[in-house]
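This report looks at how strands and aromatic rings are arranged in one chain. Please keep the sequence and the structure in view while reading.

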Amino acid sequence: QVQLVESGGGLVQPGGSLRLSCAASGTIFSMYDMGWYRQAPGKERELVARITSSGSTNYADSVKGRFTISRDNAKNTVYLQMNSLKPEDTAVYYCNARVATAWGLYPNDYWGQGTQVTVSS
């Protein structure tokens, strides 16, 4: 019903920058919160940043001041600008969106397939 496709991951040196994108498509009646999560090897998936439909944001303490989340509601797309990257930011990054697919239906959470971000010299 709803597909999320991420792009923008890759290998970057410490101190570098990357920009992740996630485009949602399919049967979208209303798009609510969108966000980015990450999972490093041997660790649980954790919240990186979320943004509401009106633009309110919240961030994990570990990325505050370095990462910026934004969205384009017309394109059903969410972005994550990552600056001053550190080796501990290395993880698979997953896009999440809360979507209602029809009037009167509760929204469900949808996930992208993940994109690898590796920070290494």
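## Reading burial in a predicted model

A residue counts as buried when its relative accessible area is under 20%, as exposed when that value is over 50%, and as partly exposed in between. The structure shown here is a predicted model, and the terms just given will be applied to several of its residues.

## Strand β8 and its partners

Strand β8 covers residues 77-82, and because five of these six residues are buried, the strand is largely enclosed by the rest of the structure. Strand β3, made of residues 18-26, pairs with β8 in the antiparallel sense over six bridges, and strand β7, made of residues 67-72, likewise pairs with β8 in the antiparallel sense over six bridges.

Which residues stand opposite V78 in β8? From β3 it is C22 that stands opposite V78, while from β7 it is R71 that takes this position opposite V78. Strands β7 and β8 also form a hairpin with four residues between them, and in that turn N76 has a positive phi of about 50°.

## Two aromatic pairs

The structure holds two aromatic pairs. In one of them, the rings of F29 and W103 have centres 6.1 Å apart and planes at 75°, so this pair is edge-to-face. Because F29 lies in the loop between β3 and β4 (30-39), whereas W103 lies in the loop between β9 (91-100) and β10 (108-111), the pair ties together parts that are 74 residues apart in sequence. F29 has a relative accessibility of 44%, which lies between the two cut-offs, and therefore counts as partly exposed, whereas W103, at 75% relative accessibility, counts as exposed.

Y37 and W111 also form an edge-to-face aromatic pair, with 5.1 Å from centre to centre and 65° between the planes. This pair links distant parts of the chain, since Y37 belongs to strand β4 and W111 to strand β10, 74 residues apart. Y37 is buried, with a relative accessible area of 17%, but its partner W111 is partly exposed, with a relative accessible area of 39%.

## Arginines over ring faces

Where does R45 lie with respect to W111? R45 lies over the face of W111, at 4.7 Å from the ring centre, and the ring of W111 is also the one that pairs edge-to-face with Y37. In a further arrangement of this kind, R19 lies over the face of Y79, at 4.1 Å from the ring centre.

Methods
Residues are numbered from 1 along each chain as its sequence is written. This is a predicted model: local features need pLDDT of at least 70, side-chain atom pairs count only at pLDDT 80 or more; totals for chains, interfaces and linings use all residues. Side-chain values use heavy atoms; hydrogens and water are left out. Buried means under 20% relative accessible area, exposed over 50%, partly exposed in between (1.4 Å probe, protein chains only). Helices (H or I, at least four residues) and strands (E, at least two) are DSSP runs, numbered from the N terminus. Two strands pair if DSSP finds at least two bridges between them. Rings of Phe, Tyr and Trp (its six-membered ring) pair if their centres lie within 6.5 Å; planes under 30 degrees apart count as stacked, over 60 as edge-to-face and the rest as tilted. A charge sits over a ring if NZ of Lys or CZ of Arg is within 6 Å of the ring centre and within 35 degrees of the ring normal.
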